Amino acid sequence: DFELPQGSFVMPIIASANRDEARFEEPDRFDVHRNAQGHLAFGLGNHFCLGTALARLEAKVVLENILERLPNLRLAGDVSRHGSFLVRGPSALPLHF
């Protein structure tokens, strides 16, 4: 449990979703095999995304095609990350194939 004092400033940051160490082991590490049950990527309850199945299928098709066409794809340097707390993810992903 956590209590916020009255009058506290709260700034929800969507980029922090699914980064709870109590829920996900090594939450900042990308792991395609992680059991992500309960993640918030597609919303929850009444706000659950209707396009979830299509988005997952599109991602699967794209990744399978990339890996099939570029079987030697590998990281070619350091991954640069955005310097913003509002945006998560790489700003540069050098790849070699």
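Student: Which residue forms a salt bridge with Asp31, and how far apart are the closest N and O atoms?

Tutor: The general idea is to look for a side-chain nitrogen of Lys or Arg within 4 Å of a carboxyl oxygen of Asp or Glu. In this predicted model, Asp31 pairs with Arg29, and their closest N and O atoms are 3.5 Å apart.

Student: Are Asp31 and Arg29 buried, exposed or partly exposed?

Tutor: A residue is called buried under 20% relative accessible area and exposed over 50%, with partly exposed in between. Asp31 has a relative accessible area of 25%, so Asp31 is partly exposed. Arg29, with 39%, is partly exposed as well.

Student: Which residues are linked with Arg29 and Asp31 in a network of salt bridges?

Tutor: Salt bridges that share residues can be read together as a network. Here the network links Glu26, Arg29 and Asp31. Glu26 sits in the segment before H1. At 44% relative accessibility, Glu26 too counts as partly exposed.

Student: What is the phi of Glu26?

Tutor: When reading a backbone angle, look at its sign and at the residue type. Phi of Glu26 is near 45°, which is a positive value in a residue other than glycine.

Student: How many salt bridges does a search of the whole structure find?

Tutor: The search finds four. One of them joins the side chains of Arg19 and Asp28, with a distance of 2.9 Å from N to O. Arg19 is partly exposed, because its relative accessibility is 30%.

Student: Where do Lys60 and Glu64 lie, and how far apart are they along the chain?

Tutor: For a pair inside a helix, count the positions between the partners. Both residues belong to helix H1, which covers residues 52-69, and they are four residues apart, about one turn of the helix. Their side chains meet in a salt bridge of 2.8 Å, N to O. Lys60 has a relative accessible area of 47% and is partly exposed. Glu64, at 44% relative accessibility, also counts as partly exposed.

Student: How many positive and negative side chains does the chain have?

Tutor: To read charge over a whole chain, take the counts and then the centres of the two sets. This chain has 10 positive and 12 negative side chains, and the two centres lie 7 Å apart.

Student: Which elements does the chain have, and in what order do they run?

Tutor: The chain has one helix and four strands. Starting at the N terminus, the order is α-β-β-β-β.

Student: Why is the chain described as more spread out than a compact globule?

Tutor: The idea is to compare the radius of gyration with what the globule rule gives for the chain length. For 97 residues the rule gives 13 Å, while the chain has 17 Å, well over that value, so the chain is more spread out than a compact globule. The C-alpha atoms fill a box of roughly 55 × 35 × 20 Å along the principal axes.

Student: What percentage of the residues count as buried, and how much accessible surface does the chain have?

Tutor: Of the 97 residues, 6% count as buried. The accessible surface comes to about 8,900 Å², and carbon and sulfur atoms hold 58% of that surface.

Student: What share of the contacts with a separation of 6 or more comes from residues 24 or more positions apart?

Tutor: Sequence separation tells how far along the chain two touching residues are. In this chain, pairs 24 or more positions apart account for 19% of the contacts with a separation of 6 or more.

Student: Which residues is Val79 in contact with, leaving aside its neighbours within four places in sequence?

Tutor: First place the residue, then list its partners. Val79 lies in the loop between strand S1 (74-75) and strand S2 (80-81). Its contacts beyond those neighbours are Pro90, Ala92, Leu93 and Pro94. Val79 is partly exposed, with a relative accessible area of 34%. Measuring from C-alpha to C-alpha, Val79 and Ser16 are 19 Å apart in space and 63 residues apart in sequence.

Student: Where is Gly77 found?

Tutor: Gly77 is in the loop between S1 and S2. At 31% relative accessibility, Gly77 counts as partly exposed. Its C-alpha atom is separated by 9.0 Å from that of His96, which is 19 residues away along the chain.

Terms used: Residues numbered from 1 in each chain as written. Predicted model: local features only at pLDDT ≥ 70, side-chain atom pairs only at ≥ 80, totals over all residues. Heavy atoms only, no water. Helix = DSSP H or I, 4+ residues; strand = E, 2+ residues; numbered from the N terminus. Rg over C-alpha atoms; globule rule 2.2 N^0.38 Å. Buried < 20%, exposed > 50% of the residue type's maximum accessible area, 1.4 Å probe, protein only. Contact = heavy atoms within 4.5 Å. Areas by Shrake-Rupley, 256 points an atom, 1.4 Å probe, with all protein chains shown as cover. Lys, Arg positive; Asp, Glu negative; His and termini not counted. Charge placed at Lys NZ, Arg CZ, Asp CG, Glu CD.
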